[in-house]
Amino acid sequence: MSAENSAEVRPEMPIDVTSPRLTYRPLKQEDWPFYLALSQDRSVMKYISDPRSAEEIRTLSFDVRLPAWYKGCTHWLCLVIEEKTTGLPAGFCGFIDRGGGVAESGFILATEAQGKGYGSESLHAIIAFCFEQQGYRKMTATVTAGNVASRRTLLSAGFIQEGTLRQNFFLNGQWQDDWIFGLLKQAYRPVR
């Protein structure tokens with residue numbers, strides 16, 4: 001193996017993300033049917049994406065989240081959220097390293113998992129992982145304006161809305177504003 005290739009190969013990093021009612025594990029090939037179903041559910045994707053073909057979802061969203069994650073890599077850490085009691089998948093959460101000690105977080109829940117507090121619980125778990133285990137100094141999140149449920153979840157976790165990017169995201173046939181949120185490590189309060 002050349003030195004150039006060895007720099008790209010990283011050992012699988014254990015991902016230790018925990019919360020009371022949910023388990024978290026890295027995305028696998030076997031998760032494709034659930035990922036596709038969630039990505040094609042218009043009520044779930046209302047503020048995230050216009051309709052896309054299965055091929056687009058597979059190529060542009062799913063496959064790029066499959067490689068092993070390590071701090072500093074350029075792809076999302078995508079974790080499958082599962083209910084502890086049933087073992088059923090509830091959604092996905094994770095983050096991407098944006099450099100400079102900043103991680104951008106995201107979460108998406110299946111329709112049947114919404115309204116149970118799983119968004120908040122999974123966000124708190126990701127925040128703890130980023131700050132306590134990975135040493136990030138700040139977390140950010142971008143939410144399409146109008147997505148009040150995600151906004152409320154971020155604010156309840158301690159994020160502050162830092163601004164609005166006007167006409168930043170093309171969705172539903174028109175330019176949408178994006179709300180930008182941030183949470184500094186020194187403002188982080190662990191949930192115990």
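Me: In this predicted model, where is the place of Gln167?
Reply: Gln167 has a positive phi of about 45 degrees although it is not a glycine, and its relative accessible area is 57%, over the 50% that marks an exposed residue. As for the element that holds it, the place of Gln167 is in strand S6, residues 160-171.

Me: Which loop holds Asn172, and what is its relative accessible area?
Reply: Asn172, too, has a positive phi, of about 55 degrees, although it is not a glycine. Its place is in the loop between S6 and strand S7, the latter made of residues 174-184. Asn172 counts as partly exposed, and its relative accessible area is 47%.

Me: Is Glu162, in strand S6, buried or partly exposed?
Reply: The place of Glu162 is in strand S6, where, leaving aside neighbours within four places in sequence, it is in contact with Lys138, Ile180, Phe181 and Gly182. Its C-alpha atom is separated by 29 Å from that of Ile15, 147 residues apart from it along the chain. With a relative accessibility of 45%, which falls between the limits of 20% and 50%, Glu162 counts as partly exposed.

Me: How many helices and strands are there in the protein chain, and in what pattern do they follow along the sequence?
Reply: The protein chain contains six helices and seven strands. When these elements are read along the sequence, the pattern is α-β-α-α-α-β-β-β-α-β-α-β-β.

Me: Why can the protein chain be called as compact as a globular protein of its length?
Reply: For 192 residues the globule rule gives 16 Å, and the value for this chain is close to that, so the chain is as compact as a globular protein of that length. Along its principal axes the C-alpha trace spans about 50 × 40 × 40 Å, while residues 24 or more positions apart account for 63% of the contacts with a separation of 6 or more. The radius of gyration on which the comparison rests is 17 Å.

Me: What share of the residues of the protein chain counts as buried?
Reply: The accessible surface of the protein chain comes to about 10400 Å², and 53% of that surface belongs to carbon and sulfur atoms. Counted by residue, with burial taken as under 20% relative accessible area, the buried share of the 192 residues is 42%.

Me: How far apart are the mean positions of the positive and negative charges of the protein chain?
Reply: The chain has 21 positive and 21 negative charges. When a mean position is taken for each of the two sets, the distance between them is 8 Å.

Me: Which elements are included in what covers the buried residues of helix H2?
Reply: Helix H2, residues 32-39, is mostly covered, with six of its eight residues buried. These buried residues are Trp32, Phe34, Tyr35, Leu36, Leu38 and Ser39. Their cover includes helix H3 (42-45), helix H4 (54-62), strand S3 (89-99) and strand S4 (102-109).

Me: How many disulfides does the structure hold, and why is Cys78 not bonded to Cys93?
Reply: A disulfide requires two cysteine sulfur atoms within 2.5 Å, and the sulfur of Cys78 is 7.9 Å from the closest cysteine sulfur, in Cys93, which is too far for a bond. Cys78 is also buried, with a relative accessible area of 8%. The number of disulfides in the structure is zero.

Me: Which cysteine has the sulfur nearest to that of Cys73?
Reply: Cys73 is in no disulfide, and at 3% relative accessibility this residue counts as buried. The nearest cysteine sulfur is 12 Å away and is that of Cys130.

Me: What is the relative accessibility of Phe131 in helix H5?
Reply: Phe131 lies in helix H5, residues 118-133, and, leaving aside neighbours within four places in sequence, is in contact with Tyr136, Arg137, Lys138, Met139, Leu183, Leu184, Lys185 and Tyr188. Phe131 and Ser105, 26 residues apart in sequence, are 12 Å apart in space, C-alpha to C-alpha. Phe131 counts as buried, its relative accessibility being 2%.

Me: With which residues is Ser156 in contact, leaving aside its neighbours within four places in sequence?
Reply: The place of Ser156 is in helix H6, residues 148-156. Its C-alpha atom is separated by 12 Å from that of Tyr188, 32 residues apart from it along the chain. With neighbours within four places left aside, the contacts of Ser156 are Ser120 and His124.

How values were computed:
Residues numbered from 1 in each chain as written. Predicted model: local features only at pLDDT ≥ 70, side-chain atom pairs only at ≥ 80, totals over all residues. Heavy atoms only, no water. Helix = DSSP H or I, 4+ residues; strand = E, 2+ residues; numbered from the N terminus. Rg over C-alpha atoms; globule rule 2.2 N^0.38 Å. Buried < 20%, exposed > 50% of the residue type's maximum accessible area, 1.4 Å probe, protein only. Contact = heavy atoms within 4.5 Å. Areas by Shrake-Rupley, 256 points an atom, 1.4 Å probe, with all protein chains shown as cover. Lys, Arg positive; Asp, Glu negative; His and termini not counted. Charge placed at Lys NZ, Arg CZ, Asp CG, Glu CD.
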